[in-house]
Amino acid sequence: MSNLTVIDHPLIEHKLTLMREKTASTASFRRLLREISMLLAYELLRDLKMEEVDIETPVAPMKARKIQGKKLCFVSVLRAGDGLLQGLLDLVPVARVGHIGLYRDPKTLQPVSYYGKLPDNMDQRTTVVVDPMLATGGSAAAAVAEVKKAGARDVRFLALLGAPEGAEAFHAAHPDVPVFLGAMDERLNEKGYIIPGLGDAGDRLFGTK
Ligand code: PRP
Ligand code: URA
């Protein structure tokens, strides 16, 4: 599928294996997700546009490059997106942050919206929407529709784990939005869970049931 990148790195795969283990504690799940998100973001931001600026080092003037344009925007899909957000902010502490509150109705598997707050000037920012899980793709597609409605044009979606069904549905809804994943799993089960997956990301991240 065009526009889909599975970020392949031994550290990502190793940490993901530790997270998948059902015996992983809440604390280690949270720490590993934060660590992986830095590795994912490093790759996802590789093609950011740069500009040349004049600076002075302690010994000489020089032309150096910095990231062009307004500050990046990271949008966390609540709740579990917050687990990825922390690592992204470790890497880019000046980024603006938006939140979109969605939960998946357990019967219909459709996303239900309950909150939204985004920074201004979305049309001038590279926006990264983050959620650890791309299962049916409904939540990701709804979140990206919200940021587009707020004016965002340069949008990327980042998840730790995806299912082929979700990637296809998301691509059908937003063919212009590149998707970055830490891994693509086999399929969804009858309850819409990613198989083999890691279970419910929000519950494992926050220690709820
Ligand atoms: C999980 C996950 C995604 C969604 C993915 O959230 O964090 O947002 O499910 O499923 P989908 O691709 O089928 O839409 P959940 O609805 O469990 O809410 P939570 O983060 O508040 O736990
Ligand atoms: N949401 C999750 O947290 N896990 C899944 O496997 C599917 C949706």
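**Notebook: a predicted model, looked up piece by piece**

I began with S139, which counts as buried because its relative accessibility is 18%, and buried means under 20%. I note here that the model I am reading is a predicted one. S139 belongs to helix α4, which covers residues 138–149. Setting aside neighbours within four places in sequence, I found S139 in contact with L102 and P111.

**Strand β7**

I turned next to V129, a residue of strand β7. Is V129 buried or exposed? V129 has a relative accessible area of 0%, so I entered this residue as buried. I then looked up what V129 touches, leaving out neighbours within four places in sequence, and wrote down V75, V77, A143, V144, V147, V155, R156, F157 and L158. I also looked up the pair V129 and A183, which are 54 residues apart along the chain, and found their C-alpha atoms separated by 17 Å.

**Helix α3 and its cover**

Which residues of helix α3 are buried? For this helix, residues 81–91, I listed G81, G83, L84, L85, G87 and L88 as the buried ones. When I asked what covers these buried residues, I found that the cover includes the helices α2 (26–44) and α6 (201–206), together with the strands β4 (73–78), β5 (96–104), β7 (126–130) and β9 (154–162).

**Backbone entries**

I went through the loops with the backbone angles in view. The peptide bond running from L78 to R79 is cis, with omega near -5 degrees, and R79 lies in the loop between β4 and α3. A cis peptide bond also leads from I195 to P196, where omega is near 0 degrees; P196 has its place in the loop between β12 (194–195) and α6.

I then noted L109, a residue other than glycine whose phi is positive, near 65 degrees. L109 sits in the loop between β5 and β6, the latter strand being residues 111–117. Its relative accessibility is 17%, and I therefore recorded L109 as buried.

N121 is likewise a residue other than glycine with a positive phi, in this case near 50 degrees. I found N121 in the loop between β6 and β7. How does N121 count by its relative accessibility of 30%? I recorded N121 as partly exposed, because that term applies in between the limits of 20% and 50%.

**Ligand 2**

My last entries concern ligand 2, which sits in the largest pocket. Which residues are around ligand 2? I listed R104, M133, A135, G192, Y193, I194, G199, D200 and A201.

I looked up the polar contacts with the backbone one after another. A polar backbone atom of I194 is 2.8 Å from an oxygen atom of ligand 2. At G199, a backbone N or O atom lies 2.8 Å from a nitrogen atom of the ligand. At A201, a polar backbone atom is 2.8 Å from an oxygen atom of ligand 2. I closed with the area: ligand 2 exposes 240 Å² when taken alone, and the protein buries 89% of that.

Methods
Residues numbered from 1 in each chain as written. Chains lettered and ligands numbered in written order. Predicted model: local features only at pLDDT ≥ 70, side-chain atom pairs only at ≥ 80, totals over all residues. Heavy atoms only, no water. Buried < 20%, exposed > 50% of the residue type's maximum accessible area, 1.4 Å probe, protein only. Helix = DSSP H or I, 4+ residues; strand = E, 2+ residues; numbered from the N terminus. Contact = heavy atoms within 4.5 Å. Near = heavy atom within 4 Å. Polar contact = N/O pair within 3.5 Å; in protein donor to acceptor, adjacent residues only side chain to side chain. Areas by Shrake-Rupley, 256 points an atom, 1.4 Å probe, with all protein chains shown as cover. 1 Å grid on protein atoms, 1.4 Å probe; cavity = no way out; pocket = protein on both sides within 12 Å on 5 of 7 lines; lining within 4 Å. Sits in = over half its atoms within 2 Å of the grid points.
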